[in-house]
Amino acid sequence: MSKLLLSALLCLCLATPGWAQTRDVSGTITDKSDGSGIAGANVTVKGTTTGVATDLNGKFALKVPAGANTLVISFIGYVSQEVTIPATNVVEVALEASASELQEVVVSVGRGTQRTFVDTPVPVDNLNAKDLASTGQFTFDKALQYRVPSFNTINTPVNDATTLLDPYEIRNLGPARTLILINGKRKNLSSLLYVQFAPGRGETGADLSAIPTDAIKRVEILRDGASAQYGSDAIAGVMNVILKDKFEYSSLNITSGVTSKGDGGSYGLSFNSGSNFGRGGFVNYTLRLNQTDNAVRSGIVDVPTEIATFGTYTDPSSVNDPANANIVNYLKKYPTANNVNGTGTTSLAAFNINVGIPISETAKLYSNAAYAGKKVISNANYRTPYWRTDFGLLHTPDPNGVDYTGSTDPADIALYKGYIGYMPTFEGDLKDYNATLGVKNESNGWTHDVSFTTGGNEQLYTVNNTVNRGLGKFSPTSFKPGGFQFHHIVGNIDITKTITNNFTVAFGSEARTETYKIIAGDTASYVKEGSNSFPGIRAENAATNSRFNMGAYLDASWDITPAWLVEGTVRAERYSDFGNASVGKLSTRLKMADDKFVLRGSASTGFRAPTLHQIYAQSTQASFAGGTIVLSGLFNNNSKQAFALGIPKLKAENSVNLTVGAGFNPSSNLSITADFYDITISNRIVYSSSITSSDLNSTLGQILAAGNLASVQFFINGIKTKTQGIDIVGSYKGLDFAQGKLGVNLAGNITLTNKIVGTPNDPAAISSAGATILNAQVKSLLTEGRPLYKIIGGLDYSRGHWNVVVNSTLFGTTRFQDLDNGGAIMNNIKQVFKPGLVTDLNVGYQFSRHISASFTVNNLFNVLPKWSLQLVGNSSDANYAAAKATLEDTVQRNLLEGFLTFSGRYRILGYNGAQFSQLGTMFMGQISFKF
């Protein structure tokens, strides 16, 4: 009886799933195009939650319950497969790249997994999450800097509000001419208007640094004008950030880094997770926390230049003049003049979520949302006592009780004994958010996509440890100088129909409202002289302004033959503030030699609406001059000052884009593309130079005097520009090397022409006074402020559990012309940055299928920007001889170099910036957990 009960119990246990027998199944998952193993692919037993991820070689092993015969193989960017487990229990699967992955949005045309889609009619770059992560950069924008040759961004040497985000651009055309999309929908602009003398001056763009890199599935960059498809801002191209969607696994990434000087420490934590549900439903979310400390690159102050700036200078012997003893003694004790400049401190918290919900067999609801909160702290130039004493309102004592003010008044000596100055700080608080909700449905061959998008950016500022001298002893030492807000609401309807197997039409409409708000500072921040280092926004300049626009497009794509594709798009827009715009685009692609060689080209017209920032921004500052208070600063085009000077209202920029290229794809492993581009922009909007006149008899002088103005600046449709260049991208992957797989990449952007055509459109009141809206300094920023060329070469080697990536980026020559010091001779002298080669090394190791780690050395050989002053122009120029003599005179040349770097405080970069970072070698380690 007992034996019978035991046998029955055993049978029951064997029949229970928890006690079921299992079998060991192993195998390898590879890329069908090159046979290389796919690391991190998901292998799941169908109908269960049992599964594993492949190792770095694409291998896996798992226990499969008895009775289960099917595995589901999936990975981002590939077509999922279901395979039957063979009798051998060894599974070999080659995944094919997903064509649908490349057709999610309009810019995602073409097929293949190459970095550049070879057979598209226009050049498109494709970067995946691994490409971005291997750069070792902490932010998305800086990762792009070392992956995309035509993309440039850099930390500006003078920080304050720009610490919140750095200007970027594609093809040297400024941040305002590249449209940023999130999952194919327009992202909001930043509320910040760049005003520093650095590339991007007078423009604004989206905050790329607020997008968590770990939330990104891939990035597509359309390097061609696309105003006909997307409307304003797409003159240089379109960047589409595609978020992670289908949930594969949860991941936790912990990162930490530091510069070779031991400063600039960075610490980050990122968590990505989600869930899949229903038939194709998913939720994928990412949380990113990051802290970056400041890195200091202050230079040693040049004493003669400091004396020439703040003291009494006649010749090098002035350093021995008793009148300058206070400066000399101060710099002996404090060689950097106590300046703390380099990069600011940044704290970031960002959250991103992406959701897809199937609502029928042919329809789905989709949504994504993001929020980023950022706080930055940067330092203004240290106010030395011989520069500003501020009546003892801020008193930082010297332990030796030395008076550095230079005053001979006994009362001053008693008051300022031990005073060494003060350093104002700037704090910025940023909020950036965006959200999209939409429905996509297919019915009778028609695809309908209806969506609603909102987004905004707010920046509020605080200035501490400074004073408003005009308020005397009643001045506070902390100020709220105001800030800015930008918000937009966008509605889209897109409809597509494949009429025949070779002809497709698409049409749609977009409606958008935008609001820009200027927030006044507290009264103490702007009355009298305002808060020193960062005066507040005056109450009379605070305003809220909005506009509305609607646009519609029609697109057709015709495969005339299997090899010849022609596409055309037309678009019309209506803006409430400046009127209408109509643009079009025609592109074509021809395949030859069994689709191994491709010719392509496009011609288009485009436009860019002036941003609300450019239309309404106004920032005036009061100062004492000639015994009275006068105003200077930026006056918007609706102001009485602009009207008096004959400055017209802003209108849209217009562009003509031409692109001709070729692609060579002899095998699935090798691809090469080369594209020539020609972009002409008419009515280009520029931020003028600071315009003044000492001739009170001129119209300009009379207008300035009548308005009690010291100088004016404004935005104007002032110039016509032409930009030409070549983009080259090559990739060879899957090479057998040293028992591993090697990939080779080479990409470059070469600027052939970037010039102003003709002369600026100077209003009569300005030109008749001998002034101009654009001096040589601003012209140089527009045409020479980015590298003449940028070439990126890389090797990607995988073997066993190891992965090594080496990338070298060659930054070409960059030039700046500065007129703030040196006078007219600066028309013939430029600050020229030499080419620099920056090499990055990333080494990764997979400890198990759940744990991996990587170590990155950025700028392995500690290459720093290097510059010199060079003579430019012709010997017939009025100031050529004087400029030549200055550069040949060691003393005068040293003074001029000092003037361009604030007496050497900004020795590495000067005030304008350089092609690449001044921080030198940086180290970063990351450990990743998958579960």
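Which residue in E13 does Asn 128 stand opposite? The residue is Arg 218. This briefing starts from that pair and then visits a sheet, a buried loop residue, a helix, some salt bridges and the cavities. Please keep in mind as you explore that the model is predicted.

**The sheet around E8 and E13**

- Strand E8 covers residues 124-128 and is mostly covered, with four of its five residues buried.
- Its partner E13 spans residues 216-222, and the two strands run antiparallel, joined by five bridges.
- It helps to know that strands of a sheet pair through backbone hydrogen bonds, in either a parallel or an antiparallel way.
- Reading across the open sheet, you meet five strands in the order E8-E13-E14-E11-E12, and the pairing is mixed.
- The edges of this sheet are E8 and strand E12 (185-186), each of which pairs on one side only.
- For a parallel pair, look at strand E11 (residues 178-182) and strand E14 (residues 237-243), which share five bridges.
- Within E11 and E14, Ile 180 and Met 239 stand opposite each other.

**Asp 224, a buried loop residue**

- If you follow the chain on from E13, you find Asp 224 in the loop that leads to helix H4 (227-230).
- Is Asp 224 buried or exposed? Its relative accessible area is 1%, so Asp 224 is buried.
- Leaving aside residues up to four places away in sequence, Asp 224 touches several others, among them Val 122, Pro 123, Arg 171, Lys 585, Ser 602 and Thr 659.
- The contacts of Asp 224 also include a run of neighbours in the chain: Ala 234, Ile 235, Ala 236 and Gly 237.
- Lys 46 lies 178 residues from Asp 224 along the chain, and 44 Å separates their C-alpha atoms.

**Helix H5 and its packing**

- Helix H5 runs over residues 303-310, and its Thr 305, Glu 306 and Ile 307 are buried.
- What do the buried residues of H5 pack against? They pack against helix H6 (325-333) and helix H15 (890-900).

**Salt bridges**

- The structure has a count of 39 salt bridges.
- One of them joins the side chains of Arg 512 and Glu 510, with N and O 2.7 Å apart.
- Arg 512 has a relative accessible area of 1%, so this residue is buried.
- Glu 510 is also classed as buried because its relative accessibility is 8%, under the 20% cut-off.
- Another salt bridge pairs Asp 675 with Arg 600, and their closest N and O atoms are 2.8 Å apart.
- This pair ties together distant parts of the chain, 75 residues apart: Asp 675 sits in strand E33 (residues 670-687) and Arg 600 in strand E29 (residues 597-608).
- Asp 675 and Arg 600 are both buried.
- Lys 722 and Asp 678 also meet through their side chains in a salt bridge, at 3.1 Å from N to O.
- Here too the link is between distant parts of the chain, with Lys 722 in strand E34 (residues 715-737) and Asp 678 in E33, 44 residues apart.
- Why does Lys 722 count as partly exposed? Its relative accessibility is 22%, which lies between the 20% and 50% cut-offs.
- Asp 678, at 8% relative accessibility, counts as buried.
- Some salt bridges share partners, and in this way Arg 186, Asp 233, Glu 510, Arg 512, Glu 514, Arg 547 and Asp 577 are joined into one network.

**Cavities inside the structure**

- How many cavities of 30 Å³ or more does a search of the whole structure find? It finds 11.
- The largest cavity holds about 720 Å³ of space.
- Its lining has 39 residues, and those nearest the centre are Phe 138, Thr 139, Lys 142, Asn 155 and Thr 292.
- At least two lining residues of the largest cavity come from each of helix H3 (140-145), strand E15 (251-259), strand E17 (281-292), strand E20 (345-358) and strand E43 (922-930).
- Sorted by class, the lining of the largest cavity contains 22 polar, 12 nonpolar and five charged residues.
- The second largest cavity has about 240 Å³ of space.
- It is lined by 23 residues, with Gly 200, Arg 201, Arg 684, Leu 781 and Leu 782 closest to its centre.
- E33 and helix H13 (776-784) are the elements that give two or more residues to the lining of the second largest cavity.
- That lining is made up of 10 nonpolar, eight polar and five charged residues.

Technical notes
Residues numbered from 1 in each chain as written. Predicted model: local features only at pLDDT ≥ 70, side-chain atom pairs only at ≥ 80, totals over all residues. Heavy atoms only, no water. Buried < 20%, exposed > 50% of the residue type's maximum accessible area, 1.4 Å probe, protein only. Pairing = 2+ DSSP bridges. Contact = heavy atoms within 4.5 Å. Salt bridge = Lys/Arg side-chain N within 4 Å of Asp/Glu carboxyl O. 1 Å grid on protein atoms, 1.4 Å probe; cavity = no way out; pocket = protein on both sides within 12 Å on 5 of 7 lines; lining within 4 Å. Points joined across faces, edges and corners; volume = space filled by probe spheres on them. Nonpolar A, V, L, I, M, F, W, Y, C, P; charged D, E, K, R; others polar.
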